[in-house]
Amino acid sequence: MSQLKRTPLYENHVKAGAKIVDFAGFAMPVQYTGIIEEHNTVRNQAGLFDVSHMGEIEIKGKDAGKFIQKLITNNLEKIEPEKVLYSPVCYEDGGTVDDLLVYCHNWEHFWLVVNASNTEKDLDWFNKHLKDEQVTIENISDNIALLALQGPRAQEILQLLTTFDLNEIRPFRFKSIDIAGVDCLVSRTGYTGEDGFEIYLASDKACFIWETLLEKGKGYGLAPIGLGARDTLRFEAGLPLYGHELSPEITPLEAGLGFFVDLKSEHDFIGRKALEEQRAQGIPRKKVGLEMLERGIPREGYPVQKDGKEIGYITSGSPSPTLGKHLGMALIQSSEAEIGNEVEVIIRNRAVKAQIIKTPFYKKEDK
Amino acid sequence: MYPNNLKYSKEHEWVDLESKKIGITHYAQESLGDVVFVELPEVGAEFEVGDSLGVVESVKAVSDVYSPVSGKVTAVNEALLDNPELINQDPYGEGWIVEMEITGGEEDLLSAEEYERLIKEE
C-alpha cells in the first residue's frame, strides 16, 4: 500500500491493530476490534474517528460568498460567521457533484469540507466556474487533520481538555478554541446520528490530540472507531453517502435532500433550472428505506421489484447493529415509494420480501 | 490456527476427512469480520469442487463458500441461521457449515503447512 496517501495518524492505527484498507486513495482503518462492537461503542459511549482524509478547500476574497452561492444548492444566507451549512453541489443537469459542509469564518473566508474521493474533482469544478469573482481557491487538506468525537459521552470527554464551555457550541456552530493547548476549530457536527464534535487542527498536532483524547476518554468508554462503523452509523441515521445515495446520475431531490435545495429564494446556482424542472414535472425516483421481511441482507446494486417488475435498486444496505434488522436504502420509482408498500429485493436471483419504512432508521433520543 | 488433522482449499475452506465436515478457515473468518448472515444449501444437494455451496456475509462483505470437494450434502449446521457468529468464535468446531458424502476432489486439498504458506503470500 506504499502508493496510498496516509493521514498523520496512520502509525497510530497500525499500532492499535487496525485493519487498513484503501479508501479514496488513503490507507484508512476500516476496523479496530470489530464493526459491530465499534458501532455500539459510539451509540452507547463515545468513539473517536480519524477522518483526516476529508478534503478542505479554502475560499477567500471579497466575492467568496457570491462565488460559493453560485456553486451550492442551499441558501448561503442561512449562515453567518461560526456557522456550518450542509449543501449539495450540482451539475447543470441537476446531477450531484458532491455534498459538503460550508464553514463561514467571515464573509470573505470560508472552508468547504468535501468527500475525500471528490477533492480533486471539486477543485476542478470550482476553478472551472471561477469567472470574474475576486476569490482564491486553495486545497488545504494536507495541512489539516480532522478528528470526529461522536457519541452520548462526547461532550463530557472533550470538556476535560478545554476550559471553553462546550454548551456554547450548538449544532452546526463552531468555535476556534484551545484543546489541550492546541488551537482547534471545533464544530458540533458529525455523521453518526449521535451528538458529537468534529475537530480540525494542524496535521502535526493530530497525534498528540488523538492520544490525549483516547487516554482521557478511556474511563468513559471512548475507543477508536474505523470507517466500517462510520458507514453503519451514518446508514442507520439515514445520512446519504456520495457514490451511493448521491452521484452524477442522482439529483439531491431524488435523494430526499429537497430541504437543502433552495428554490424559494432568488439566488441562482448551477443546476437550479434543471432542479426546478424536475420538481415541476414530478420527481421520477425517490430514496426510500427498506426493511427485509424475509431472510437476506440487501446490498448495494441489488434490484428492487414490485410484482415482478423492476422499480429501482439498493443504494446502501446492511445489517443494522442498533435495530437488529436487515435494512436498505433504495432509489425507486416515486409511484411505489409509499411507506408500508411491500416490494421484493433480488438477492442472488431470488425475490426476497421487503417493506418500505421511514428513514432515518435510527434517531437518538432527545435529552 | 490451522489444525493438522484438517485439509484446506485455496479458497479458504477446511475439510475434516473423518467427520466429513466442511467450514471456512480462521483466516477467512478473520478477513470477513463479524459474520452476520449465512445461507446454507439443501440437504441432498450435490456439488462439484469449486461450486458455490453457500454464502457467508459479514457486515460489509458477501462471500461465497466454495465446495472444497465433490459430493452430496448430508447435513447442514442450522445453528448458524440464528448464531452466524459461531463461524467467528469457533470456525473449526461449532462453526462448521455442511457435512458431505465426499465423492472426489480430496487429492487436490492442501495440508495445514501448505495452507499456511499460501495465506502468508496473500
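Reader: What makes Leu146(A), Leu147(A), Ala148(A), Leu227(A) and Arg230(A) residues that Val51(A) touches?

Author: This is a predicted model. Contact means heavy atoms within 4.5 Å. In the model, Val51(A) touches these five: Leu146(A), Leu147(A), Ala148(A), Leu227(A) and Arg230(A). Residues up to four places away in sequence are not counted.

Reader: Which nonpolar core has Val51(A) among the residues with the most contacts inside it?

Author: The largest one, with 35 residues. Phe49(A), Tyr103(A), Trp111(A) and Tyr200(A) are also listed there. A nonpolar core joins buried residues of set types through side-chain atoms within 4.5 Å, so Val51(A) must be buried to belong.

Reader: Which element of chain B supplies at least two residues of this core?

Author: Strand S4 (35-39) of chain B. Chain A supplies others, including helix H2 (35-44) and helix H7 (227-236).

Reader: What makes the core with Leu166(A) and Ile169(A) a second one?

Author: That core is separate. It has 32 residues, among them Ile199(A) and Leu213(A).

Reader: How do you know how much area domain 1 and domain 2 of chain A bury between them?

Author: Buried area is what two parts lose on being put together, summed over both. Here that comes to about 690 Å², 67% of it on carbon and sulfur atoms. On the side of domain 1 of chain A, Arg234(A), Phe235(A) and Glu236(A) supply 69% of the area buried against domain 2 of chain A.

Reader: What polar links cross this interface?

Author: The rule finds 5 residue pairs in polar contact. The count of salt bridges between the two domains is 0.

Technical notes:
Residues numbered from 1 in each chain as written. Chains lettered and ligands numbered in written order. Predicted model: local features only at pLDDT ≥ 70, side-chain atom pairs only at ≥ 80, totals over all residues. Heavy atoms only, no water. Buried < 20%, exposed > 50% of the residue type's maximum accessible area, 1.4 Å probe, protein only. Helix = DSSP H or I, 4+ residues; strand = E, 2+ residues; numbered from the N terminus. Buried area = accessible area lost by both parts, 1.4 Å probe. Salt bridge = Lys/Arg side-chain N within 4 Å of Asp/Glu carboxyl O. Polar contact = N/O pair within 3.5 Å; in protein donor to acceptor, adjacent residues only side chain to side chain.
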